Amino acid sequence: MDLAVRASLRGWKFLYLGDLQVKSELPSTFKAFRFQQHRWSCGPANLFRKMVGEIITNKKVRFWKKVYVIYSFFFVRKIIAHMVTFFFYCVVLPLTILVPEVKVPIWGSVYIPSIITILNSVGTPRSIHLLFYWILFENVMSLHRTKATLIGLFETGRANEWVVTEKLGDVAKKVAEANKNKTNSKAVKRYRSKFTDRLNTLELGFSAFLFLCGCFDFMYGKNNYFIYLWLQTITFFITGIGYVGTII
């Protein structure tokens with residue numbers, strides 16, 4: 001991304017080759033996925049911090065292209081989007097239950113987000129049946145993306161950390177080959193991580209917070225937010241104990 005932005009500022013244009021295929025591998029564990037999402041969220045925020053001045057003062061790029069890069073590409077998509085999702089659905093909405101004087105209109109909490117989500121899913125109709133689970137899981141990941149964005153934006157802590165996504169595909173292939181060829185004297189053990197290594201205290205903490213807010217809404221609320229809060233609680237709890245991924 002750093003290279004692409006700098007090349008664009010020098011007036012370069014890019015050509016995307018749709019027929020060029022490159023093999024890749026999805027993270028096999030939730031821990032690896034979290035590290036990947038940390039890089040993908042922290043990196044753009046840190047790049048925005050370092051490049052925003054150069055983008056503004058650049059004389060080779062048109063004004064409206066600068067507006068697009070700063071506002072749409074960086075500010076909205078790479079910074080604000082994660083924060084709005086996390087703070088609204090995991091902090092503000094639950095807290096409004098504890099403070100009855102604060103009311104969120106139904107069009108702002110349900111209708112508009114639902115329309116945006118459905119429109120985003122139109123491009124992948126084969127996965128439409130996973131839409132409901134994807135929303136809950138994305139709310140969980142918005143917690144990590146928001147944290148990573150703030151780290152990159154203020155360049156603190158793990159801003160310059162680079163952890164390569166762990167690849168376990170070769171291990172899975174060896175296990176499959178060993179199962180087919182049982183005469184192989186060297187048995188290949190399937191990759192397993194300890195349960196304590198999979199515990200994520202941050203997710204478990206938010207799971208407890210949302211559960212308490214859901215119970216309060218069930219007893220005293222009128223908007224039936226507890227249905228969403230308890231479903232989100234379950235999702236946070238599942239990720240909190242690390243029961244996510246093809247190899248767990």
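Of the 248 residues of the protein, 35% count as buried in this predicted model. The surface that the protein exposes amounts to about 17,100 Å², of which carbon and sulfur atoms supply 65%. The secondary structure consists of 9 helices and 0 strands, so that the order of elements from the N terminus reads α-α-α-α-α-α-α-α-α. When contacts between residues at least 6 apart in sequence are considered, 75% of them join residues at least 24 apart.

Two of the helices, H2 and H3, were examined for their course. Helix H2 comprises the 28 residues 30-57, and because a rise of 1.5 Å a residue should give a span of 40 Å, the separation of 41 Å between its end C-alpha atoms agrees with expectation. A kink of about 50 degrees is nevertheless found in H2, centred on Met51. Helix H3, which covers residues 63-98, has 36 residues, and its end C-alpha atoms lie only 46 Å apart, short of the 52 Å that a straight helix would reach at 1.5 Å a residue. H3 likewise contains a kink of about 50 degrees, in this case centred on Phe75.

The largest nonpolar core has 15 residues, among which Phe86, Leu93, Leu143, Phe206, Tyr225, Leu229 and Phe236 touch the most other members. Two or more residues of this core are given by each of H3, helix H5 (131-154), helix H8 (201-220) and helix H9 (226-240), and the largest share, 6 residues, comes from H3. A second, separate core consists of 12 residues and includes Leu9, Met51, Val69 and Ile79; Met51 is also the residue on which the kink in H2 is centred. Within the largest core, Leu143 is one of the residues that touch the most other members, and, when residues up to four places away in sequence are not counted, Leu143 touches Phe86, Leu202, Phe206 and Phe236.

A further site in H3 is that of His82, which is placed in this helix. His82 counts as buried because its relative accessibility is 18%, which falls under the 20% limit for that class. Leaving aside neighbours within four places in sequence, His82 is in contact with Ser41, Arg77, Ser142, Arg145, Thr146 and Thr149.

How values were computed: Residues are numbered from 1 along each chain as its sequence is written. This is a predicted model: local features need pLDDT of at least 70, side-chain atom pairs count only at pLDDT 80 or more; totals for chains, interfaces and linings use all residues. Side-chain values use heavy atoms; hydrogens and water are left out. Helices (H or I, at least four residues) and strands (E, at least two) are DSSP runs, numbered from the N terminus. Buried means under 20% relative accessible area, exposed over 50%, partly exposed in between (1.4 Å probe, protein chains only). Contact means heavy atoms within 4.5 Å. The expected span of a helix is 1.5 Å times one less than its number of residues. The bend at a residue is the angle between axes fitted to the seven residues ending there and the seven starting there. Accessible areas come from the Shrake-Rupley method with a 1.4 Å probe; for residues, only the protein chains shown count as cover. A nonpolar core is a set of buried Ala, Val, Leu, Ile, Met, Phe, Trp, Tyr and Cys residues joined through side-chain atoms within 4.5 Å.
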